[in-house]
Structure formats: C-alpha cells, structure tokens
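Me: Could you take a close look at one part of this model for me? I would like to see how the helices in the middle of your description pack on one another, and then how that part sits beside the rest of the chain.

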Amino acid sequence: CGILGLLLHSPTQDAAVEICEGLSLLQHRGQDACGVVTCAKGRFYQCKANGMVRDVFDKKAVSKLIGSMGIGHVRYPTAGSSAHSEAQPFYVNSPYGIVFAHNGNLTNTQDLKRFLDFEAHRHINTESDSELLLNIFANNLQKTGKFRINEEDIFTAIKDLMIECKGGYACVAMLAGFGIIAFRDPCGIRPVGMAVRHTNDGGNDYLFSSESVVADAAGFTEWDDVKAGEAIIITRTSVSRRTLVPNKTFAPDIFEWVYFARPDSVLDGVSVYRSRMAMGDLLAEEVRRVLDMKNIEVDVVIPVSTSQRWKHSAYSNRQVPDTSRVAALNLAQKLNLPYREGFVKNRYVDRTFIMPGQQMRRKNVRRKLNAMALEFSGKSVLIVDDSIVRGTTSKEIIQMAKDVGAVKVIFASCAPPIRYSNVYGIDMPSRNELIAYHRNPSQIAEALGADLVIYQTLPDLVRSVQQFNPKLEAFDCSVFTGEYVTGDIDEKYLEWVEASRSEKARLSAPVTEPSSSITIPRP
Ligand SMILES: O=S(=O)(O)CCN1CCN(CCS(=O)(=O)O)CC1
C-alpha cells in the first residue's frame, strides 16, 4: 500500500487535487482500492472506493473534498479481503475525530482484536489490521480524558501503540482541526518520509509520503525519512518529531528495492534505481562464475517485465525502467554481452499477478508478453527478472523463449530464492506455493523448464542497497531467511498466514488468526 499526507500553509487552499496526483504516483503500491479524506473547519470530507486513482477520483469526486489538509491511501490486497469495507483511510469519531491510513501488516491482530473488544469495547467492523491500528491509537488517545490534546498526548499514545502493535507499519493520521501525523514501526520495515515546500508568502506546505517521488513531482524539497520508531506531528503552526521507542533493529524491507518501490524514489537514503543497477552488476559476477564453472556460453541478455503494476501510473505512456530492465542492462554491460528487449509488452492487458487462480495467470502471460523470434531463435539466452516467486510467470516466459527457437534458456533472478512468507505487508503466496520452497536451484530449473537458474546471493543483494548508505546495518530479508526481525513470528502464525493466503482462501471469506500466547503488555 501507499500512504500520503498533505498540509497546506494557506487555509483557503484545497489539498485534494495534489493528494490525488500524489496517489497516482503511488499507484504501483496498490491498485485494489484508494481513498482520500480532507479536513476543513474541523469537518472531514471522504471519498474511497475499489479501483484505480484515476477512476475513483474524477473531477466531481475531487471537488467535494474541500480543506487545506488531508491524507490518502492506495490499497493492495494483503491478508484481508478486497471488499469495499477494506478501502482506506479509516475513520473513528472518538476521540477528537481521527482518520488513518496504513501500509504494512500487523502480526498480533488476534490479541489486539480481543483487547479492543473485551477491554476497550471498540467494535471492529472489517478484517483489516489497519482498523485495529487506528482503534489502538484512538483508545490510547482516549486515556488522556482531555477536552483538547497536545503533541505530548499524541506522542504518548503512539509510543504505547508501538509497544502494543507488532509487525510492519508506516502510517499517516489526521486529527480534525489539529493536524497530520506520520509514524513508522520500531524496525522501520515499511517506508514513509516527509518533505517541505516553501510558499511565496513565507509559509511552508508539508508532505508525508511512502516514496520520495511524490515530493519531487509536487515541488517539495528536503525529503527526510521518518526514522524507525519515530513520529512526526505537523500542525499549521509547528512541526515536532520524536523517536518514541529505543531503536531495536532498523531493518527496512529489502523487497522495496528489489521491485516494490519506483526506480525514481529514494528510500532511507538509497536510490532505488542505483540499487537495481548494482543488483545487475553483482548478479553479473555470479553469472560469470556459474557459466565458467559449467562451461556454458550465453549469446544475449534479455529482461522480463511482466507486471502491469505500472499500467496506470505516470509511466504508462512510456516503457517503465523497472528492475529487470535496469539490472539486465548493467549485467549485460558487465559481461560484455548484447542486451536485447526480446519480450514486447502488450500494454493493454489486465494485471496478471492479481488474477485469481493459477490458470488465469498462466494464460494471461502470453496475452501480456510476446517473444520476438528475431532475438531468441538459435541462441543461448540469459533472461533476467527481479525475482522468482511462484514460478508460474517465469515458467511461461521460458516456454515462450523456447517456442520461438531459443536453444538454451538460462534464467537469472536479481533476488535470492524466496522460501518464506512475507508477513510485513508485501503480499506473497503461502510457502508451499513458492517455487523455491523445498527445492534447490537445479530442481527449480527443472520445475521452470530452464537449462539453468542463477540467483543473486543474499550478501550481494544486501550489498546492492547498503553500499549507497552504510548507515543501513540490517534489512528485513525474512522471505529469504525465515528470520523475522520483529522476533514474534512462530510456526503457528506462519501456518495462519498460509491458511489465509492460499489460493482458495484468497477467493473466500477471511480466516481468523490463532490466538497466540502473547497478551498485550499494560503500558
Ligand atoms: O516490478 S514489477 O512489478 O514490474 C515486476 C514484479 N515481479 C515480476 C516477477 N514476479 C515473479 C514471477 S514468478 O517467478 O512468480 O512467476 C515477481 C514480481
């Protein structure tokens, strides 16, 4: 998911148009639903629905969203269902009127639900963990019992939330008539940052966003990441920020750089684009090592860009420089091999990877991509993609290459083998649907129909990001290692994740999470 917050200096200016423009630049982070809430004179104005930003927010819808501050969200289906009720931002009237948008996933939702029900008597109406987060925040704010609150009360409420809520979360919130707030989980797993725009009457507009690209496009500067465990409160008259819980391990999710974020964004001081070039450089060394060892020749390097995540984003009118292209070009240059765009993307076909069921996904790949015999026939080709997850798309792509005459197909992945569930907000299938689960690279090659599969090593993947900001000491690499940085994930929880994510479950009602032994620590 993508989150956004905007507070304009001039109270007479409306923020909605810029919030919608910003959301369209975050469209790649969620195409399932989107929503905006603005605030004018203490009242909220809301519009949210399933669909793409450009479809939900037509002129009429935007014109009703008055007010000079607001928040926005684009949603991407994780554990919850994709019904209307899941669209964000969420709203609670008490205390003070709060709206809230969240990117990430909580890993102790069962405990939180029970706490909110039995102790806080707050009814939760959806399966979304974002609604839980909001109600924990509201419940903590309620404890002040004050008629009007200040920054201190908000910091205290968020600090307690960070102790009670486990998992990955980047959030923006807005308090009616007060201001906007952003905060990031104690491990900093999901991204969010802020930027400022100096107005010509000497004031400042402020922006919160999942990615810096929104700031660049809207003329904001001084982009600065919200730190792990930090909260930032912006009102019309003040900006206050504070790290609320001791920095456990700052471990941003490395998948943001592998393919989730936009190449033109900078996350935690690292250009996504530069890191993908480095992934290509480092993967080239691994490819060279393996090809020499197996005495295999390669004639040409060909990238794959299978996803249509970019179709409705600002890139749609030109080729998206997505991971596989950026990395493949560097890899080809490093190996002194020709780089060819042998797969042509049909821009006007629905998104494959969100299609329900494998069959649709399989068939759909061929409608989306076409392999030009010119570049494959009679050749030993090295195909590069950002990662291999289920293997369904990759298998079809390899078959297409063979159908147009490739004599040898080597498949290279910019990411290591994915063997574990992602529990922090990037939607991965359950473990047994991951092609690398219980398989070694040669078994994976066989399953994909490739002559050889070459993976980026984990140290090289980490290096491709860390080299640009040595202050980043750790990343969430749980999908590769099974080590979950929040330290509270056990086998029981992973089984629940599988149950709620397996193909059949995805198409039916959500599954309730097992109650874990953890009880909410009384703050
Ligand atoms: O950045 S983009 O969104 O354009 C590409 C996203 N990327 C494409 C490749 N798939 C794995 C396909 S498969 O190996 O599971 O078949 C992971 C996601």
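Reply: Here is a walk through one run of helices, followed by a look at the strands and at the chain as a whole.

Please keep in mind that this is a predicted model. Let's begin with helix H5, which covers residues 129-142 and packs against helix H4, residues 109-119. The two axes lie 10 Å apart, and the angle between them is about 45 degrees. That angle is why H4 counts as oblique to H5. As for the sense of the crossing, H4 passes H5 in a left-handed way.

Which residues carry this contact? On the H4 side they are Thr-109, Leu-112, Lys-113, Phe-115 and Leu-116, and on the H5 side they are Asp-129, Leu-132, Asn-135, Ile-136 and Asn-139. Sorted by class, the contact of H4 with H5 holds five nonpolar, three polar and two charged residues.

H5 also has a contact with helix H6, residues 151-164. Here the axes come within 9 Å and cross at roughly 135 degrees. H5 and H6 are therefore oblique to each other. The handedness is worth noting: H5 passes H6 in a right-handed crossing, whereas the crossing of H4 with H5 is left-handed.

From H5, the residues that meet H6 are Leu-133, Ile-136, Phe-137, Asn-140 and Leu-141. Their counterparts in H6 are Asp-153, Ile-154, Ala-157, Ile-158, Asp-160, Leu-161 and Glu-164. By class, this contact of H5 with H6 comes to eight nonpolar, one polar and three charged residues. Ile-136 deserves a second glance, as Ile-136 appears in the contact with H4 and again in the contact with H6.

Now for the strands. Seven of them form an open sheet in the order E3-E2-E4-E1-E10-E9-E11, with antiparallel pairing. At the edges sit strand E3 (43-50) and strand E11 (221-225), each of which pairs on one side only. Neighbouring strands in this sheet are turned against each other by 10 degrees on average, with direction ignored. At the E11 end, strand E9 (residues 193-198) is joined to E11 by three bridges, and the two run antiparallel. Met-194 stands opposite Asp-224 of E11.

A parallel pairing can be found further along, between strand E16 (residues 300-303) and strand E19 (residues 380-385), over four bridges. One of the paired positions is Pro-303, whose bridge partner in E19 is Val-384. Within E16, Val-300 and Ile-302 point one way while Val-301 and Pro-303 point the other way, and all are buried.

For a contrast with those buried positions, try Leu-329, which lies in helix H10 (residues 323-335). Leu-329 counts as partly exposed because its relative accessibility is 34%. If you would like a distance to check, the C-alpha atoms of Leu-329 and Glu-211 are separated by 24 Å, and the two residues are 118 apart along the chain.

Finally, the wider setting. The protein chain has 18 helices and 21 strands. Of its 523 residues, 62% are buried. Among contacts between residues at least 6 apart in sequence, 73% join residues at least 24 apart.

How values were computed
Residues numbered from 1 in each chain as written. Predicted model: local features only at pLDDT ≥ 70, side-chain atom pairs only at ≥ 80, totals over all residues. Heavy atoms only, no water. Axes fitted to C-alpha atoms, helices over the stretch in contact; angles between N-to-C directions. Parallel < 35°, antiparallel > 145°, perpendicular 65-115°, else oblique. Left-handed = near helix turned anticlockwise from the far one by under 90°. Contact = heavy atoms within 4.5 Å. Nonpolar A, V, L, I, M, F, W, Y, C, P; charged D, E, K, R; others polar. Buried < 20%, exposed > 50% of the residue type's maximum accessible area, 1.4 Å probe, protein only. Pairing = 2+ DSSP bridges.
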